[in-house]
Amino acid sequence: MIFRRSAKQAQEAFLNRFEPDAGGYLFRAAPTAAPVRVTEKERDEELATFLRGVQWVSWAMLAGLFAVAAVMAFAVPQFDTAPSEILIWAGAGTIIGLYVLGWWWLWRSPARRFERRAVAGPSRTRAEARRTALASLSWGQLALSFGFAAMLMARSLDGEYVWAGLGAVTAMFVAVQAVRKLIAGRSKTVQGR
């Protein structure tokens, strides 16, 4: 399957919203939201719905991009004109925007299903939610993000300074997250002693 790797990552991110608890799981609609209790069966049903939906929106996006490319290939006589570039970007942007909306709708499905459930615990503070997010972020992901930023910064050698600026901003963001992860890890070690 063409989307197997991204589907696995999406599955892991989706399942991270369900915390194991005695006799089931606690689901949080947002990192700082109060949890609600759900059963293993309900979690598995939501996961199956999510994965099936992600597969549909992914294939629909791919088909939409091919359709935009086909229309451009047969309907536009010249590609190097401003109107054709606008059509290309508008078509691709529309397809990607619809994909993001579909993804968001699927991501919010458990929150809609469980919105009327009784709260099963206190909500998290922003600091607790940040620590949880940093704990799930691996050093490998940070290194990969920094490598991506370095590739963008290397574009400045070709005179593409907008990409270089975006790379510099990305590198600073990654560095800040790495320092925050390091500090959070050290404070957890100190508290554990």
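1. A word on terms before the tour: a residue is called buried under 20% relative accessible area and exposed over 50%, with partly exposed in between. Arginine 37, at 42% relative accessibility, therefore counts as partly exposed. Please keep in mind that this is a predicted model.

2. Let me stay with arginine 37 for a moment. Its salt-bridge partner is aspartate 21, and the closest N and O atoms of the two are 2.0 Å apart. This pair links distant parts of the chain, with arginine 37 in strand S3 and aspartate 21 in strand S1 (residues 18-21), 16 residues apart. Aspartate 21 is partly exposed too, because its relative accessibility is 29%. You may want to look at that 2.0 Å N to O separation yourself in the viewer.

3. Now the strands around that pair. S1 and S2 are antiparallel and are held by four bridges. One pairing across them sets glutamate 19 against leucine 26 in S2. The two strands form a hairpin with two residues between them, and glycine 23 in the turn has a positive phi of about 75°. S2 also runs antiparallel to S3, with three bridges joining them. Here leucine 26 turns up again, standing opposite arginine 37 in S3.

4. Which elements give two or more residues to the largest nonpolar core? That core has 14 residues, and Phe14, Phe18, Phe27, Val38, Phe50, Leu106 and Phe114 touch the most other members. The elements with two or more residues in it are helix H1 (4-15), strand S2 (24-27), strand S3 (36-38) and helix H2 (40-75). H2 provides the largest share, four residues.

5. Phenylalanine 50 is a good place to zoom in. Setting aside neighbours within four places in sequence, phenylalanine 50 is in contact with Ala10, Phe14, Trp103, Leu106 and Trp107. Two of these contacts, Phe14 and Leu106, are also listed with phenylalanine 50 among the core residues that touch the most other members.

6. Helix H2 deserves a geometry check. What span should its 36 residues have at 1.5 Å a residue? The expected value is 52 Å, and the end C-alpha atoms of H2 are 52 Å apart, so the two agree. The buried residues of H2 are a mixed group: Leu47, Phe50, Val54, Val57, Met61 and Met72 are among them, and so are Glu42, Arg43, Glu46, Ser58, Gly53 and Gly64. As background, an α-helix has 3.6 residues a turn, so residues three or four places apart point the same way.

7. On to the charged side chains, where the count comes to eight salt bridges. Arginine 113 takes part in a salt bridge with glutamate 45, at 2.9 Å from N to O. Arginine 113 lies in helix H4 (residues 109-113) and glutamate 45 in helix H2, so this pair ties together parts that are 68 residues apart in sequence. Both ends are partly exposed, because arginine 113 has a relative accessible area of 37% and glutamate 45 is at 31%.

8. Is the other glutamate partner, glutamate 46, buried or exposed? Glutamate 46 is buried, because its relative accessible area is 6%. Glutamate 46 forms a salt bridge with arginine 113, with the closest N and O atoms 3.1 Å apart. This pair also joins H4 to H2, and so ties together parts that are 67 residues apart in sequence. Through shared partners, salt bridges join Lys41, Glu45, Glu46 and Arg113 into one network.

Conventions: Residues numbered from 1 in each chain as written. Predicted model: local features only at pLDDT ≥ 70, side-chain atom pairs only at ≥ 80, totals over all residues. Heavy atoms only, no water. Core = buried A, V, L, I, M, F, W, Y, C linked by side-chain atoms within 4.5 Å. Buried < 20%, exposed > 50% of the residue type's maximum accessible area, 1.4 Å probe, protein only. Contact = heavy atoms within 4.5 Å. Expected span 1.5 Å × (residues − 1). Salt bridge = Lys/Arg side-chain N within 4 Å of Asp/Glu carboxyl O. Pairing = 2+ DSSP bridges.
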